[in-house]
Each structure stands twice: as structure tokens, then as C-alpha cells.
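Here are some notes to read alongside the coordinates, set out as numbered points. They move from the strands to the core and end with the confidence values.

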Amino acid sequence: MRPNQDGVTMRNVSPRKKKGDDDALAAYRGKRDFSRTDEPRAGAREAGGDPRFVVQLHDASSMHFDFRLEADGVLKSWAIPKGPSTDPHDKRLAMPTEDHPLDYREFEGVIASGEYGAGPVIIWDEGTYRHVGDRPVADDLDRGHLSFVLNGRKLHGGYALTRFRRGSGGDGRGEAWLLVKRDDERASDDGTPDPNRARSARTGRTLRQVASDDGAEKE
């Protein structure tokens with residue numbers, strides 16, 4: 001696998017759950033050795049109320065943000081090399097990855113060396129979201145356009161995910177989307193903070209501090 005134009009190395013996987021798929025998390029589990037990684041194996045059940053989202057900053061083979069929306073009992077996921085922006089002029093590349101379990105929205109720590117996506121992870125933002133539209137989220141993803149309103153600790157207001165390139169084959173290889181901020185009252189020209197200085201929305205830690213804390217725990 002080769003890095004894409006923004007430096008993220010990954011196998012693209014469609015964010016859509018196929019009808020008749022017995023295990024939406026099969027791809028997720030197949031890439032991980034749970035005797036070595038602290039990442040969650042199984043997904044929690046969806047709770048009541050508004051669906052949740054999480055944005056995790058991940059320093060793997062290259063730095064990127066993982067944007068995840070709760071839908072259909074899993075976290076629909078995209079890797080965003082430059083991160084979500086608060087500026088409506090920014091069109092951020094979003095590469096779909098495999099569905100993740102709902103428990104993954106709680107994950108902050110270090111993925112062990114040698115494992116898929118090895119490196120530190122922080123929860124950069126989290127909160128709830130409201131889907132804008134009459135169709136189910138899965139249907140809008142199938143159609144290639146999803147509008148929603150975020151109510152997070154850092155991200156607020158309307159956003160849209162739009163597919164601009166379809167993937168090839170059954171695994172969605174090569175599929176690509178854009179994440180764009182709506183021009184509303186929560187828009188600003190602040191953009192996205194420096195990943196090297198970004199702090200966890202939960203613990204206030206940086207990626208470097210998470211990595212350091214993990215090393216100290218294992219000594």
C-alpha cells in the first residue's frame with residue numbers, strides 16, 4: 001500500500017454497511033491482534049438520545065485525524081489528513097476506513113508497535129451530532145452526501161461529507177470524500193490547530209504525553 005497525496009497509508013474501505021453483512025466489524029477485527037493491542041474488540045450497544053461522534057488524532061505512519069460518526073450500531077470512519085476545519089473555505093480530504101466498534105469512541109492510548117496503526121491516539125473532540133435529512137444515515141452515505149450538525153467540545157454547527165470519487169471493487173478501494181464546514185454562525189477562520197500542540201478533549205494530554213505515559217506504565 002502506498003501513501004496517498006496527503007501522506008496517509010491505508011487501505012480504503014467503504015463506510016457503508018453492506019446489506020446482509022453478518023459482521024460489520026469483520027474487517028476491523030481482522031487487522032488487529034487483541035492479545036497485543038488495547039483497542040476494543042467488541043462494540044457497545046447504541047444508547048438512547050442523539051448519536052455520538054468522536055475525532056481522534058492519531059500519529060501512525062503519518063499524522064492524521066480519524067473522524068467517526070455513530071450509525072447502524074458502529075462508528076462510520078474516515079481518515080482526514082489535515083483534520084476537520086471550522087473554515088467553510090477548507091475542503092478536507094476524507095478517506096473512508098473500516099467500521100469501528102462503538103467502544104472505540106472511548107479509546108485514548110498507544111497502539112502497540114507492530115500492530116495496525118501503531119502509535120499514540122488522543123480524543124481530540126467528542127460530542128453528539130444531528131443528522132440533517134429525511135433518509136437514514138446509511139441511505140445518504142449510499143447516495144454520497146451526508147449533512148449533519150455537530151455539538152462537540154471543539155466542533156460545532158453544520159458540516160457535510162460528500163463523495164467525489166467512487167471506489168473500485170467490493171472493498172471501496174480508492175473511494176474519497178470531502179468534509180466541509182457549513183457557512184453558519186459557528187463557522188470561523190480558525191481552521192484546525194497544530195496537531196503537535198493539540199490536546200485531548202478528555203485528559204488535556206498531547207500525543208507526546210500519551211506516548212510518554214504509556215512508556216512509564218510499562219517500565
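Which residue takes a positive phi in the hairpin of β2 and β3?

1. The residue in question is D72, whose phi is positive and near 55°, in a hairpin that has 2 residues between its strands. Please keep in mind here and below that this is a predicted model.

2. The two strands of that hairpin, β2 and β3, are paired in the antiparallel sense, and 7 bridges link them. Within this pairing, F67 is found opposite W78 of β3. On the next strand, β4 (residues 91–100), the bridge partner of W78 is P96, and β3 and β4 themselves run antiparallel with 4 bridges between them.

3. Strand β3 spans residues 74–80, and because 7 of its 7 residues are buried, it is largely enclosed by the rest of the structure.

4. The largest nonpolar core contains 27 residues, and those with the most contacts inside it are F67, L69, W78, Y129, F148, L150 and L161. The strand that gives the most to this core is β2 (residues 63–71), which supplies 4 residues. A second core, separate from this one, is made of 8 residues, among them F34, L75, F107 and I111.

5. L161 is worth selecting in the viewer, since its contacts can be followed across several parts of the sequence. Leaving aside residues up to four places away in sequence, L161 touches F67, L69, W78 and A94, then G144, H145, L146 and F148, and also W177, L178 and L179.

6. An acidic residue also deserves a look. D66 lies in strand β2, and with a relative accessible area of 7% D66 falls under the 20% cut-off, so it counts as buried. The side chain of D66 makes a polar contact of 3.4 Å with the side chain of H58. When residues up to four places away in sequence are not counted, D66 touches V54, V55, Q56, H58, W78 and A79.

7. As for confidence, the protein chain has a mean pLDDT of 88, and 84% of its residues reach 70 or more. Over residues 1–7, however, pLDDT stays under 50, and the model has 14 contacts beyond four places in sequence for this segment. The pLDDT is likewise below 50 over residues 9–22, a stretch that has 48 contacts in the model beyond near neighbours in sequence.

Conventions
Residues are numbered from 1 along each chain as its sequence is written. This is a predicted model: local features need pLDDT of at least 70, side-chain atom pairs count only at pLDDT 80 or more; totals for chains, interfaces and linings use all residues. Side-chain values use heavy atoms; hydrogens and water are left out. A nonpolar core is a set of buried Ala, Val, Leu, Ile, Met, Phe, Trp, Tyr and Cys residues joined through side-chain atoms within 4.5 Å. Buried means under 20% relative accessible area, exposed over 50%, partly exposed in between (1.4 Å probe, protein chains only). Contact means heavy atoms within 4.5 Å. Two strands pair if DSSP finds at least two bridges between them. pLDDT is the predictor's confidence in each residue, from 0 to 100. A polar contact is a pair of N or O atoms within 3.5 Å; within protein, one must be able to donate a hydrogen and the other to accept it, and residues adjacent in sequence count only if both atoms are side-chain atoms.
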